[in-house]
Amino acid sequence: ILDIGCGRAHIISYLQKKYQFKQKPVGIDILQNKNIKKNILFTKSDAIEYLKKGEKFDLVIVKQTIHFFSKKKIVLFLKMIKKNLRPNGKLLILSLKTKNNQIPCFKKMKLELEKSLKKDIKLINLIKRSLANYQLSYFNFKVDITKSKYLRMIKERYISCLLRLSAKEIKKGHIEIDLKYKKKIKFIDTLLCISFIK
C-alpha cells in the first residue's frame, strides 16, 4: 500500500493496525510532519521521483493532495501509477466536495480553500479523461468535534489550505473560530472518490 501525501499517516496506520499486513504500508510526503505514525514506512519524497523506483503496489491512495500537482505533472503521475500498480491493483483519489462545502473556516482559510477547490475541479476533469475505466463515489461523514480539538488542528495546520498561511494569519483565524463556534462543532464532510482498477 502506498499513501501519497500521507501527512501524519493516520489512514495507512489505521489499516496496518486493523489488518496487520505482511509488508508495512508506505507513506510519502514532501513535508516531514511531527508525530508521523511509527507502524508505517515513511519517506520524505516527491511523488513522481518516488514512483521512478518502479516499486509495485496493490493499492495507491491519494487523499486531498491533487491540488499540489500541475496539469502536466498529474498526467505524468497517472501514467506512472498505472505502471506501478500490480495486476488488479487499485488507485483511490479522494478530494473534498468542490461545491457547498461545510468545513468550518475563518476568512483567510475560506479564500485559500476556495482557491484550492477551483483547481481541484480542473484536475478532477483531467483525471477522469486520463483514466478510461474509473468509478466515481461520494462519502458523507458526520463530524462531531470539540472546538478545542479543531483549534488545535488549525494551529498544527492539519488542513492543507492552511500550509501557506503565516503564523499571524493562523493566530487571527484561531480567534475567529473561537468566537464563531460553541464548544462542539458539527458538520457534514463530503469526499469525492475516483477509483481505478488496473
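Two strands pair if DSSP finds at least two bridges between them, and the close-up views below, all taken from a predicted model, begin with strands to which that criterion applies.

**View 1. Strand β4 and its parallel partners β1 and β5.** In this predicted model, β1 and β4 run parallel and are joined by 3 bridges, with Leu2 standing opposite Val60 of β4. Strand β5, residues 85-96, also runs parallel to β4, to which 6 bridges join it, and here the bridge partner of Val60 is Leu91. Between β4 and β5 the chain passes through helix α3, residues 71-84, in a β-α-β crossover that is right-handed.

**View 2. The enclosure of β4.** Because 5 of the 7 residues of β4 are buried, this strand is largely enclosed by the rest of the structure.

**View 3. The buried side of helix α1.** Within α1, which spans residues 10-19, the buried residues are Ile12, Ser13, Leu15 and Gln16. These residues cover an arc of only 160 degrees around the axis, which puts them on the same side of α1. An α-helix has 3.6 residues a turn, so residues three or four places apart point the same way. The elements that cover the buried residues of α1 include β1 (2-4), β2 (26-29) and β4 (57-63).

**View 4. The opposite face of α1 and the residue that follows the helix.** Tyr14, Lys17 and Lys18 are exposed and lie on the face of α1 that is turned away from its buried side. Just after α1, Gln20 adopts a positive phi of about 50 degrees.

Technical notes. Residues numbered from 1 in each chain as written. Predicted model: local features only at pLDDT ≥ 70, side-chain atom pairs only at ≥ 80, totals over all residues. Heavy atoms only, no water. Buried < 20%, exposed > 50% of the residue type's maximum accessible area, 1.4 Å probe, protein only. Helix = DSSP H or I, 4+ residues; strand = E, 2+ residues; numbered from the N terminus. Arc of directions from axis to C-beta. Contact = heavy atoms within 4.5 Å. Right-handed = clockwise from strand over helix to strand, strands pointing away.
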